[in-house]
Amino acid sequence: MRFIPTAVHGLIDYVMGLFLIASPFFLGFRDDGAATWVPVALGVVMVLVSLFTDNEAGLARRIPMPTHLWLDLLSGAFLALSPWLLGFSERVWVPHLVLGLAEVAGSLTTKTVPSDRAAERAARP
């Protein structure tokens, strides 16, 4: 069931992206390995994709919302599984798993058509 408006999802993406970038530094798992760089890289990508997504928070609005949600699903799954896939689960795994699952949940519960686009479609004869 998709109940999160795309405008809300867009704002959450910016906050989540910045949180992912900063999380290794303030949650205390900063090193020079994958545990640090996976969330940082995914956070940067999340912010960039959000800037180009066709929703109320996007600036360029080139990436369709369904494509954006698929990218969220894939990156969230990768983030959640990365401690085991990349071999750092003995040091840290909770932030990666929790934030990854949150991203997956957001991708599965967000509407696929921005409200301003839905209004445009409804107004067409």
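Here are legends for a few views of this predicted model.

**View 1. The whole chain, an all-helix fold with the pattern α-α-α-α-α.** The protein has five helices and zero strands. Along the principal axes, its C-alpha atoms fill a box of roughly 60 × 25 × 20 Å. Of the 125 residues, 42% are buried. If you look at contacts with a separation of 6 or more, 61% of them join residues 24 or more positions apart.

**View 2. The outer surface and its charges.** The protein exposes about 7000 Å², and carbon and sulfur atoms supply 71% of that area. As for charges, there are 9 positive and 10 negative ones, and their mean positions sit 8 Å apart.

**View 3. A close-up of A35 in helix α2.** Helix α2 covers residues 34–51. A35 has a relative accessible area of 0%, so it goes down as buried, the cut-off being under 20%. Setting aside neighbours within four places in sequence, A35 is in contact with F29, F88, R91, V92 and H96. For a sense of scale, pick D116 as well: A35 and D116 are 81 residues apart in sequence, and their C-alpha atoms are 39 Å apart in space.

**View 4. A close-up of M46, also placed in helix α2.** M46 is buried, because its relative accessible area of 5% falls under the 20% cut-off. Which residues does M46 touch, once those up to four places away in sequence are not counted? They are D13, M16, G17, L20 and E103. V92, one of the residues that A35 contacts, is 46 residues from M46 along the chain, with 22 Å between the two C-alpha atoms.

**View 5. The F19 and F26 rings, one of two aromatic pairs.** F19 and F26 pair edge-to-face, with 5.2 Å centre to centre and 70 degrees between the planes. Both rings belong to residues with some solvent access: F19 is partly exposed at a relative accessible area of 31%, and F26 is partly exposed at 47%.

**View 6. The W84 and W93 rings, a tilted pair.** Here the ring centres of W84 and W93 are 5.8 Å apart. Why does this pair count as tilted? The planes of W84 and W93 meet at 50 degrees, which lies between the 30 degrees limit for stacked and the 60 degrees limit for edge-to-face, so the pair is tilted. W84 counts as partly exposed at 44% relative accessibility, and W93 is partly exposed too, with a relative accessible area of 37%.

Definitions and conventions: Residues numbered from 1 in each chain as written. Predicted model: local features only at pLDDT ≥ 70, side-chain atom pairs only at ≥ 80, totals over all residues. Heavy atoms only, no water. Helix = DSSP H or I, 4+ residues; strand = E, 2+ residues; numbered from the N terminus. Buried < 20%, exposed > 50% of the residue type's maximum accessible area, 1.4 Å probe, protein only. Contact = heavy atoms within 4.5 Å. Areas by Shrake-Rupley, 256 points an atom, 1.4 Å probe, with all protein chains shown as cover. Lys, Arg positive; Asp, Glu negative; His and termini not counted. Charge placed at Lys NZ, Arg CZ, Asp CG, Glu CD. Phe/Tyr/Trp six-rings, centres within 6.5 Å; stacked < 30°, edge-to-face > 60°.
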